[in-house]
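User: Please take one part of this model and look at it closely. Start with a pair of charged side chains, then work outwards to the elements around it and to other places that help in reading the fold.

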Amino acid sequence: MVYLNGNFIEKDKAFVSVMDRGFLFGDGVYEVFPAYNRKIIGLDSHLNRLQDGLDAISIKNPHTNNEWKDLINKIISFDPNNQNQAIYLQISRGSDENRKHTYGELKPTVYIQSSAINPREKSTLLNGLSAITREDIRWLKSNTKATSLLANTLYAQEAKNNDAEETILYRDGIVTEASSSNVFIVKSNCIYTHPKGPNILPGITREKVIECAKINNFNVEESSFTKEQLMNADEVWISSSTREIIPITIIDGIQISDGFAGPIWSEVYDQYQSLKS
Ligand code: PDD
């Protein structure tokens, strides 16, 4: 079952108009909420980011946070197997009579679905995964979780074509984030990640990783680092709601540090797991 514009219906019966601006222009925003045992990690943070995204593209929020919570919980409850779920919520500006770039007041299209998430077991991550790097040519509003994701999907596909987990992006030599995750490095026991701003999506998992690291008394610097520092890091991780925290040990075919997931990753990973209960 999915939710579309006021109705809970079977996914194969859910249709939107070809005049929907989400379809025509990628004109919308979205959220992905991770739910474990029907509990969402960072629910309020995700809803706040959704509001920020709607404000950024001038769409009036069609629901209160309590209404969103009810809708999301209902979608979560439909899963008979109680699997771990990624709740995908999308709001597009809505349908107009004709295709035109400009818009007036439209009724937003609201869609919510759930799919299973199966984050990798820690034991399968001990050798780390690989990534490639590419120049970040996305627009300078990457902090808005917009549905227009062409650059991100092309980067993700390039990673897949290279048997890599992710494409790590850099702009003017500075590592920003990855195609669908945030990036961390560890150097001399300090954890670094790009500061919030127009160049990165302010990941909710990123926020949780920082909290978990601080609980474990690690130093965290929200300051930028270069591609060279990435390649010379002691540890490299990526984070997202669906991937959790993944160690990266090969970048562009080059081994990072000793080629194994690092000890700081291990501790932060364990701390993150405790958020699920
Ligand atoms: N992507 N950066 C980008 C570009 C992303 O698309 C994502 C998440 C993140 C991590 O954000 P969070 O920790 O809030 O999931 C960073 C989601 C999972 C997606 O597009 O499916």
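Analyst:
**A salt bridge and its surroundings**

Arginine 138 and glutamate 177 form a salt bridge, in which the closest N and O atoms are 2.8 Å apart. Arginine 138 sits in the loop between strand 7 (129-135) and helix 4 (150-161), while glutamate 177 belongs to strand 9 (residues 174-178), so the pair ties together parts that are 39 residues apart in sequence. Both arginine 138 and glutamate 177 are buried. The model is a predicted one. As background, side chains of opposite charge can pair when their charged atoms come close.

Strand 7 also holds arginine 134. Is arginine 134 buried or partly exposed? Its relative accessible area is 27%, and because the partly exposed class lies between under 20% and over 50%, arginine 134 counts as partly exposed. The C-alpha atom of arginine 134 is 5.1 Å from that of leucine 169, although the two residues are 35 places apart along the chain. Leucine 169 is also one of the residues that arginine 134 contacts once neighbours within four places in sequence are set aside. The others on that list are Tyr155, Glu158, Asn162, Thr167, Ile168 and Tyr170.

A further salt bridge involves strand 8. Here the side chains of glutamate 166 and arginine 243 meet, at 3.4 Å from N to O. Glutamate 166 is in strand 8 (residues 166-171) and arginine 243 is in the loop between strand 13 (235-240) and strand 14 (244-251), so that distant parts of the chain, 77 residues apart, are linked. Glutamate 166 has a relative accessible area of 1% and is buried. Arginine 243 has a relative accessible area of 18%, and because buried means under 20%, this residue is buried as well. The pair does not stand alone: salt bridges with shared partners join Arg120, Glu165, Glu166 and Arg243 into one network.

How many salt bridges does a search of the whole structure find? The count is 19. Another of them is formed by aspartate 96 and lysine 100, with the closest N and O atoms 3.0 Å apart. Aspartate 96 is buried because its relative accessibility, 17%, is under 20%. Lysine 100, at 38% relative accessible area, is partly exposed.

Between strand 8 and strand 9 runs the loop that contains aspartate 172. This residue has a positive phi of about 50°, although it is not a glycine. Aspartate 172 is exposed, with a relative accessible area of 71%. Serine 188 likewise has a positive phi of about 50° without being a glycine. Serine 188 lies in the loop between strand 10 (182-187) and strand 11. At 59% relative accessibility, serine 188 counts as exposed.

Strand 11 (residues 190-193) contains threonine 193. At 1% relative accessibility, threonine 193 counts as buried. Leaving out residues up to four places away in sequence, threonine 193 touches Val183, Phe184, Arg206, Ile210, Glu221, Glu222, Ser223 and Phe225.

Next come the helices. Two packed helices are described by the angle between their axes and the distance between the axes. Helix 5 (residues 204-215) packs with helix 7 (residues 263-273) at about 110°, and their axes are 9 Å apart. Helix 5 is therefore roughly perpendicular to helix 7. The crossing of this pair is right-handed. On the helix 5 side the contact is made by Thr205, Lys208, Val209, Cys212, Ala213 and Ile215, and on the helix 7 side by Val268, Gln271 and Tyr272. Sorted by class, the contact between helix 5 and helix 7 has six nonpolar, two polar and one charged residues.

The second helix pair is helix 2 (residues 43-56) and helix 3 (residues 65-77), whose axes come within 11 Å and cross at roughly 120°. Helix 2 and helix 3 are therefore oblique to each other. Their crossing is right-handed. Leu43, Asp44, Leu47, Asn48 and Leu50 of helix 2 meet Asn65, Trp68, Lys69 and Ile72 of helix 3. By class, the contact between helix 2 and helix 3 has five nonpolar, two polar and two charged residues.

Methods: Residues numbered from 1 in each chain as written. Predicted model: local features only at pLDDT ≥ 70, side-chain atom pairs only at ≥ 80, totals over all residues. Heavy atoms only, no water. Axes fitted to C-alpha atoms, helices over the stretch in contact; angles between N-to-C directions. Helix = DSSP H or I, 4+ residues; strand = E, 2+ residues; numbered from the N terminus. Parallel < 35°, antiparallel > 145°, perpendicular 65-115°, else oblique. Left-handed = near helix turned anticlockwise from the far one by under 90°. Contact = heavy atoms within 4.5 Å. Nonpolar A, V, L, I, M, F, W, Y, C, P; charged D, E, K, R; others polar. Salt bridge = Lys/Arg side-chain N within 4 Å of Asp/Glu carboxyl O. Buried < 20%, exposed > 50% of the residue type's maximum accessible area, 1.4 Å probe, protein only.
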